[in-house]
Amino acid sequence: MTGSAPRVTGVEIGALIQAAAARLQAAGIEAPTREARLLLGHASGLGATRIMAYPEQVIDAVTAETFQRSIDRRVAREPVARILGSREFWSLDFTVTPATLDPRPDSETIVEAALDRIPDRNSALNIIDFGTGTGCLLLALLSELPHSFGLGVDRSEAAARVAAGNARRLGLAGRAQFIVGDWAGALSGPVDLIVSNPPYIPAGDIARLEPEVREHDPLTALAGGADGLDPYRVLAPETARLLRPGGHVILEVGQGQADAVAGLGVATGLVLRELRADLGGIARAVVLGKPALSRK
Ligand SMILES: C[S@@+](CC[C@H](N)C(=O)[O-])C[C@H]1O[C@@H](n2cnc3c(N)ncnc32)[C@H](O)[C@@H]1O
């Protein structure tokens, strides 16, 4: 025996989670234990389920330290998905980076509304996703439509690169292309289906957003001009130009924007098919269609 202090070789999972959850709760995090398990599951490589199942298992000191650093980041209100580097959307795993919006569960409403407009999922459709970010809307749709092809457009080159990487990881790269562009730009149709979740936060509301959003989502993914509707003023006529007769456009909107966005679409000659609510009961998806050509 030398006289040196014994080395700390590890800490029990249960004790780590308890201490971390207490710190998260004190920082105002809503689901502290669940988030602590997710973060330890990631730091240890064990996954959240095993963290929950084996509280007596000992974690080595290096992993415990990595975990503490991730708890420090969460206490500073960095979103869990950004600490993990990925987010589950439509049961698919998407890489998230500082260049991309962290996909929201409410946006799955857009995917559901789009799929409900497609009578045969085996048909070969052309799809465009404007403001693609991680590519979550387009890639979720392509995962359900095995013979369709899609184009994702984003003004951010870094976001378009992340989306292309997500397509490769999900095995969808053969049917998805991502380009850098300012909305429709010089694109031409006809297109069967258009989806978009554009930036729609009114300028005056940005400062009041939660720190998770304000400090971590890119401003270019949030800011929709003075009333939040600027992107729709461009997208409405451009989607009307690109859609084939009988095609659909599904636009995500912020709370209280559905009627105004529907009005912008109808003013371009599109027909309002549906306003679809998200799980919180907020009208989230504006579904517009281009009338089919009448048969003589
Ligand atoms: C709210 S995010 C949506 C990202 C993703 N579709 C999702 O639902 O998670 C809006 C996206 O639009 C992109 N964007 C903003 N202005 C644009 C423009 N003029 N042309 C193309 N994309 C734009 C942003 O870079 C951002 O990725």
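**Close-up views of a predicted two-domain model**

**Helix α2 and the residues it buries.** In this predicted model, helix α2 contains the buried residues Pro32, Glu35, Ala36, Arg37, Leu38, Leu39, Leu40, His42 and Ala43. The elements that cover these buried residues of α2 include α1 (13-26), α3 (48-53), α4 (61-75) and α5 (80-84). Helix α2 itself runs over residues 32-44, and its 13 residues reach 18 Å from the first C-alpha to the last, which is close to the 18 Å expected at 1.5 Å a residue. Just after the helix comes Gly45, whose phi is positive, at about 80°.

**The whole protein, for orientation.** The protein is divided into domain 1, covering residues 10-76, and domain 2, covering residues 86-289, and the centres of domain 1 and domain 2, taken over C-alpha atoms, are separated by 34 Å. Along the principal axes, the C-alpha atoms of the protein fill a box of roughly 95 × 40 × 30 Å. There are 11 helices and 11 strands in the protein, and of its 296 residues, 40% are buried. Among contacts in the protein with a separation of 6 or more, 67% are made by residues 24 or more positions apart.

**Strand β5 and its pairing with β6.** Strand β5 spans residues 126-130, and it is largely enclosed by the rest of the structure because 4 of its 5 residues are buried. The strands β5 and β6 pair in the parallel sense, with 5 bridges between them. At one position in this pairing, Asp129 has Gly152 in β6 as its bridge partner.

**Strand β8 between β5 and β9.** Strand β8 takes in residues 191-196 and is mostly covered, as 6 of its 6 residues are buried. With β5, strand β8 forms a parallel pairing over 4 bridges, and here Ile127 stands opposite Leu193 in β8. Strand β8 also pairs in the parallel sense with strand β9, residues 243-252, this time over 5 bridges. Leu193 takes part here too, with His248 as its bridge partner in β9. The view can therefore be read outward from Leu193, which stands opposite Ile127 and has His248 as its bridge partner in β9.

**Leu187 in the loop before β8.** Leu187 lies in the loop between β7 (176-180) and β8. Leu187 is partly exposed, because 16 other C-beta atoms lie within 10 Å, whereas a buried residue would need 20 or more. Although Leu187 and Glu238 are 51 residues apart along the chain, their C-alpha atoms are separated by 9.3 Å.

**The shell around the ligand.** Of the 22 residues around the ligand, those that come nearest are Gly131, Gly133, Arg155, Asn197 and Ala221. Two elements, α7 (136-144) and β6 (149-154), give two or more residues to this shell. Sorted by class, the residues of the shell around the ligand are 11 nonpolar, 8 polar and 3 charged. Strand β6 thus links this view to an earlier one, because β6 contributes to the shell and also pairs with β5 in the parallel sense.

Terms used: Residues are numbered from 1 along each chain as its sequence is written. This is a predicted model: local features need pLDDT of at least 70, side-chain atom pairs count only at pLDDT 80 or more; totals for chains, interfaces and linings use all residues. A residue is near a molecule or strand if its C-beta atom, placed from the backbone, lies within 6 Å of it. Ala, Val, Leu, Ile, Met, Phe, Trp, Tyr, Cys and Pro count as nonpolar, Asp, Glu, Lys and Arg as charged, and the others, Gly among them, as polar. Domain bounds come from an automatic or database domain assignment. The expected span of a helix is 1.5 Å times one less than its number of residues. A residue is buried if 20 or more other C-beta atoms lie within 10 Å of its own, exposed if 12 or fewer, and partly exposed in between; C-beta atoms are placed from the backbone. Two residues are in contact if their C-beta atoms, placed from the backbone, lie within 7 Å. Two strands pair if DSSP finds at least two bridges between them.
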